[in-house]
Structure formats: structure tokens, C-alpha cells
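This report looks at ring packing, charged side chains and nonpolar cores in one protein model. The sequence and the structure come before the discussion.

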Amino acid sequence: MKSNPLKVALPVLILLGAIAVMAIMIMSKQPPEKKSEPDKGFLVNTMLVEKRDVQFVVPSQGTLLPKVETNLVSQVSARVLEVAPQFIEGGFFKQGDVLVQLEQADYITDLKLAEAELARVEAALQEEIARGKVAAEEWKTVKSSVAPELGLRKPQLATAQANLRAAKAQYERAQRNLERTTIRAPFDGLVKSKNVDIGQFVGMGSQMGVLYATDIAEVRLPLSDNELAYLQQRSEGQSIPVTLTARVAGKAHQWQAELVRNEGVVDQSSRVIYVVAELRDPYARNEQTQQTPIQFGRFVNATITGSAAQDVVVVPRHVVRMDGTLLVTDATRKLMIREVDILRSDEDNAYISSGVQPGELIITSAVPNAVDGMALRLPSDKVKDDNEEQVELASKGVN
């Protein structure tokens, strides 16, 4: 059976025709219109350059300690007869309060003996004075010779006078020893530690306790050499304020202290210099003191009022780059890399003395691969969308 050539060729012709039509359609299709995407710039945050006067502060920390710490020592030997109720760890006392009473019997006896000896030598002196007067009268009857010193009993009188001075000294010593059996507080303070109690025998030089004066507390504050440079110089009669902060009973409190001296020696282990601040009446024992009491041994943070500077730009510390430059822009929205002079840096801020001008904008956000002239935009800048661009182009007669 013969095949029909037309039936074989017809599918091929249809396929070729379809390919040709497709090719014609593709070739006649217009390419899509290309739109130029405007450069909107890199979005950044900024802060306005503002110059102002700055009072520097220098931070530090330390432990509150008493300015005066005294070891209470017995000057005589005796048995402890009484102990004051306030002579206990943490007990407060006033200057002149009796803290410990020692047994006095032996020292009263010594005082009586010294008093008797004093009376004896006084009587001996009066007797010797009388003998001297009698000797002088006797020598007046002898007109042919001059009375010698011994004949007038002057050496004996000098001896009696010396004995009187020695007896008076012994009497005064006996009085002092008797007074020393009553041990009084040398200042207003508190008892840090107590080492004696009733019935205990104490010898001369025995330590009876440790006392802290509560009128003035001190804080030793370590400073680096750079920090020390920002402390204002103290003139005579001028004080440098120091603000102390700490948490007491779970609440933050502040105390106003005063920087009084520089120890003037660099610590060999830490390489810091210590300055000392004083806080008056830390326990608020004076009724006129309006502050929260603070205990010795408490750790405090300190803020020292330092020197002042004029026309300074304060920026967050992270804004300053590793090479000491800042990223700046202005109304042109072009990035500029500026070298600046950094007067000082602390944990939070950097203080710029020159390199930027008022009215410029300092870039505070990170800009990767920053280069001069880079296009920028701010959150406040309005960016045109496609519809706005079409309207603007139509108004200019652009198809």
C-alpha cells in the first residue's frame, strides 16, 4: 500500500509555519523601556554640631575610712573595775566619756605617800631657812671676818629646795597615775574593737581596744596620670567638690565631700596616684547634718569636679573612628572624613576641641567602606517614589 506524500509533508509544513510565526513575533516585540534608578544615598543618623562649655568630671572609687584611728592603751597597771556600756564593738561615745575604770587603791596610796613626803620636805625647807637666818645673825657679831657660804648654811638650803622640787614631781606623778586609772575617750567616735572586760588585769602598754573618730571620714581615690591632668588646681582656701555615691539599705544615696590633698607618690604596684577626699560627720551625729549616715568600710563611687573647657563639641565615644577621625555631612548630603582634635575621652563621650564647625552634621551610625563624596540621606529627607517621578517628568514634557 502506497503512502500519500501529502499526508507526510503536511505536519512538517505546519510545524515550520508555526516556527516562522513565532520568530516574526519575537523580532517585532519592542524591548522594555529602561528606567534609571535614582541614587537615593546611604541612610545615616546624625547629630548637629553644637559647641558649648564643659565642666569635666573625673570618676574614681574607694573605701570610706576614719581619718583618725587610735589604739586605746593603758598607761598604768591595774585590774579592770568597770567598763562603760558604750565600750562595745559599734558603741558610740563622746569626747571625755569614761570608757574603762581601773582599780585605784594602790594609786591612792602612792598619792598619799607622795603627799606626806611633800609635807616632810616642805617642813625641812622651812627649818633650813630658819637655821640660815640664825647663822646669819651669829656671823654679824663677828666683825673681823666675812661669813662663808657654809657658815650661812646656803648649801643646806639648796639641798632642801632640791628635795622639795623632787617631792613635788613625785606628787604630780602620783596624781597623774591616779588620773590614768580612769580611761576617757579622746574624741567623739565609735568602738571598732574591745580587748578587755571587768576583772581582767592590764599591764602598762596593754591594748584595750581600737577607736574610730566619727567627725571626719576619708576616701583614698586612685587616679591615672591622665585623669590627674583634668583636676583643677587648688588655690589657698579653695575646695574641690567630690560627690560620693553608694547604695545603703538598697537605695542609692549621695554625699558631698571635699578633695583635700594629693598624696604625691605614684604607687609602684598599680602606677596610680592617690588623692584624698574628706566627708564630714559621716554618721550624721550632729543634729545640723542633713544627710544619710554612712558607715566606715563602705565602698563608694566618687565623681570629682575637674577643670573647665570652652567651645567643646561633645559626641558619643563610638562615633570617633580608630584613626581619630569623624564622618561629617552637611546640606549637600555628601560624606566628608574629618580629622579632629580630641581633648579628652571617657567611657561615654569624646570631647572635640577643633575639626568640625557649628551647623555641620556628625554621622552617628556605622557607614561601611566610607569614602569622601559618598551620597547620603537622612531619615528626615523625603525620597520620591515612581509615581512622583512620572508626574515630575510629565510636567517637564518628557515621555
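Which residue lies over the face of Tyr 230, and at what distance from the ring centre? In this predicted model, Arg 344 takes that place, at 4.9 Å from the centre of the ring. A similar arrangement involves Arg 220, which lies over the face of Tyr 274 at 4.0 Å from the ring centre.

**Aromatic pairs**

Searching the whole structure yields six aromatic pairs, two of which are set out below.

| Pair | Geometry | Centre to centre | Angle between planes |
|---|---|---|---|
| Phe 56 and Tyr 230 | edge-to-face | 5.3 Å | 65° |
| Phe 93 and Phe 187 | tilted | 6.4 Å | 35° |

Phe 56 belongs to strand β3 (residues 51-66), whereas Tyr 230 sits in the loop between α4 (225-228) and β13 (240-248), so their pairing ties together parts that are 174 residues apart in sequence. Phe 56 is buried, with a relative accessible area of 2%, and Tyr 230 is buried too, with a relative accessible area of 18%. As for Phe 93 and Phe 187, the former lies in strand β6 (residues 92-93) and the latter in the loop between β8 (182-184) and β9 (189-194), so this pair ties together parts that are 94 residues apart in sequence; Phe 93 and Phe 187 are both buried. Elsewhere, ring pairs join Phe 92, Tyr 212, Tyr 283 and Phe 296 into a cluster.

**A buried acidic residue**

Glu 218, in strand β12 (residues 216-223), counts as buried because its relative accessible area is 12%, which is under the 20% limit. Its side chain makes a polar contact with the side chain of Arg 261 (3.1 Å). Beyond its neighbours within four places in sequence, Glu 218 is in contact with residues including Thr 63, Leu 64, Leu 65, Val 276 and Ala 277.

**Nonpolar cores**

The largest nonpolar core has 36 residues, among which Val 242, Leu 244 and Ile 304 touch the most other members. Two or more residues of this core come from each of β3, β11 (207-213), β12, β13, β14 (251-266), β15 (273-280) and β16 (299-316), and β16 gives the largest share, six residues. When neighbours within four places in sequence are left aside, the contacts of Leu 244 include Val 219, Trp 255, Ala 257, Leu 279 and Val 300, and also the polar residues His 253, Gln 254 and Asn 301. A second core, separate from this one, has 32 residues, with Ala 84, Tyr 107, Leu 111 and Val 121 among them.

Key. Residues are numbered from 1 along each chain as its sequence is written. This is a predicted model: local features need pLDDT of at least 70, side-chain atom pairs count only at pLDDT 80 or more; totals for chains, interfaces and linings use all residues. Side-chain values use heavy atoms; hydrogens and water are left out. Rings of Phe, Tyr and Trp (its six-membered ring) pair if their centres lie within 6.5 Å; planes under 30 degrees apart count as stacked, over 60 as edge-to-face and the rest as tilted. Helices (H or I, at least four residues) and strands (E, at least two) are DSSP runs, numbered from the N terminus. Buried means under 20% relative accessible area, exposed over 50%, partly exposed in between (1.4 Å probe, protein chains only). A charge sits over a ring if NZ of Lys or CZ of Arg is within 6 Å of the ring centre and within 35 degrees of the ring normal. A polar contact is a pair of N or O atoms within 3.5 Å; within protein, one must be able to donate a hydrogen and the other to accept it, and residues adjacent in sequence count only if both atoms are side-chain atoms. Contact means heavy atoms within 4.5 Å. A nonpolar core is a set of buried Ala, Val, Leu, Ile, Met, Phe, Trp, Tyr and Cys residues joined through side-chain atoms within 4.5 Å.
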